[in-house]
Amino acid sequence: MNILSKDKALTHLSLKNPIHFLALGFGSGLVAKAPGTFGTLAAIPLFLLMAPLSLPWYLALTLLSVLAGFYICDKAAKDMGVHDHGAIVWDEIAGLLITMIAAPAGWLWLVIGFALFRFFDILKPWPIRWLDAKVQGGFGIMIDDVLAGIFSLICLQVLAYYFA
């Protein structure tokens, strides 16, 4: 049983290319089943490195991940010739970083944030689904996950307010 995707579009990408490496979530997007979930899992070590930072630094790096993601995702999609291919998971990485803005410390809150983000990313309530269908390019690839991250951030902060 091979856990890596054998999609022909992936032959146009190389993990040796830094843009492709980031777009593929450090390689996590190459998993055949649920690459978005594996991409979100790949965001966890990055979050853990950023968590001790002050809020302004965390926000700056998260914003940088989103802004860079517009280019990273666009370039990888163009190189593959496929818009928003499932293997492109940088958007999931940025989405989890958004979710975890000012989150309470602890693994429980990380698990809750992860679950909330995956919920909104998969369900895609309005306007996420509409944007996902209508907006193209790197911005289109990123915007649905940015919004899923914002929805998850709001829910996580409400839960933290009442239960942390």
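**Entry 1: ground rules**

I count a residue as buried when its relative accessible area is under 20%, and as exposed when it is over 50%, with partly exposed in between. By that cut-off Lys124 is buried, because its relative accessibility is 15%. I keep in mind throughout that this is a predicted model.

**Entry 2: the salt bridges around Lys124**

I searched the whole structure for salt bridges and found five. Lys124 caught my eye, so I stayed with this residue and its partners.

Which residues does Lys124 pair with? One partner is Asp121, with 3.2 Å from N to O. The other I noted is Asp144, where the closest N and O atoms are 2.9 Å apart. Asp144 sits in helix α7, while Lys124 is in the loop between α5 and α6, so this pair ties together parts that are 20 residues apart in sequence. Asp144 counts as buried because its relative accessibility is 2%. I then followed the shared partners and arrived at one network made of Arg118, Asp121, Lys124 and Asp144. Asp121 is buried, as is Lys124.

**Entry 3: a salt bridge within α3**

Next I looked at Asp79, which forms a salt bridge with Lys75, the closest N and O atoms being 3.0 Å apart. How far apart are Asp79 and Lys75 in helix α3? They are four residues apart, so about one helical turn separates them. That fits the usual geometry: an α-helix has 3.6 residues a turn, so residues three or four places apart point the same way.

Are these two buried or exposed? Neither, as it turns out: Asp79 is partly exposed at 25% relative accessible area, and Lys75 is partly exposed at 29%. I set this beside Lys124 and Asp121, which are both buried.

**Entry 4: the second largest pocket**

I met the Lys124 network again when I turned to the pockets. The second largest pocket has a volume of about 180 Å³. It is lined by 14 residues, and those closest to its centre are Asp84, Gly86, Glu92, Asp121 and Lys124. Helices α4, α5 and α7 each give two or more residues to this lining, and α5 gives the most, with three.

What kind of residues line this pocket, by class? I noted nine charged, three polar and two nonpolar residues.

**Entry 5: the largest pocket**

The largest pocket comes to about 230 Å³. Its lining holds 15 residues, with Phe47, Ala51, Ala103, Pro104 and Ala105 nearest the centre. The elements giving two or more residues here are α2, α3 and α5. Of these, α2 provides the largest share, three residues.

By class I listed 14 nonpolar residues, one polar and no charged ones. For the second largest pocket my list had nine charged residues, so I marked the pair of linings as a contrast to revisit on screen.

**Entry 6: the nonpolar core**

I moved on to the largest nonpolar core, which has 46 residues. Which of them touch the most other members? They are Leu10, Tyr58, Ile88, Met100 and Met142. Two or more core residues come from each of α2 (35–50), α3 (55–80), α4 (90–99), α5 (107–123), α6 (128–134) and α7 (137–163). Helix α7 gives the largest share, nine residues.

I picked Met100 for a closer look. Beyond four places in sequence, Met100 touches Phe47, Tyr58, Trp109, Leu110, Gly113 and Leu156. Phe47 was already in my notes as one of the residues nearest the centre of the largest pocket.

**Entry 7: helix α4 and its cover**

How many of the residues of α4 are buried? I counted 10 of 10. Among them are Trp90, Asp91, Glu92 and Thr99. The cover over these buried residues includes α1, α2, α3, α5 and α7. Glu92 also appeared in Entry 4, close to the centre of the second largest pocket.

**Entry 8: Ala23**

My last stop was Ala23, in helix α1 (residues 18–23). Ala23 is buried, with a relative accessible area of 0%. Leaving out neighbours within four places in sequence, its contacts are Ile72, Ala76, Ala87, Ile88, Val89 and Trp90. Trp90 is one of the buried residues of α4, and Ile88 is one of the core residues that touch the most other members. I also checked a long span: the C-alpha atoms of Ala23 and Gly106 are 28 Å apart, with their positions 83 residues apart along the chain.

Methods: Residues numbered from 1 in each chain as written. Predicted model: local features only at pLDDT ≥ 70, side-chain atom pairs only at ≥ 80, totals over all residues. Heavy atoms only, no water. Core = buried A, V, L, I, M, F, W, Y, C linked by side-chain atoms within 4.5 Å. Buried < 20%, exposed > 50% of the residue type's maximum accessible area, 1.4 Å probe, protein only. Contact = heavy atoms within 4.5 Å. Salt bridge = Lys/Arg side-chain N within 4 Å of Asp/Glu carboxyl O. 1 Å grid on protein atoms, 1.4 Å probe; cavity = no way out; pocket = protein on both sides within 12 Å on 5 of 7 lines; lining within 4 Å. Points joined across faces, edges and corners; volume = space filled by probe spheres on them. Nonpolar A, V, L, I, M, F, W, Y, C, P; charged D, E, K, R; others polar.
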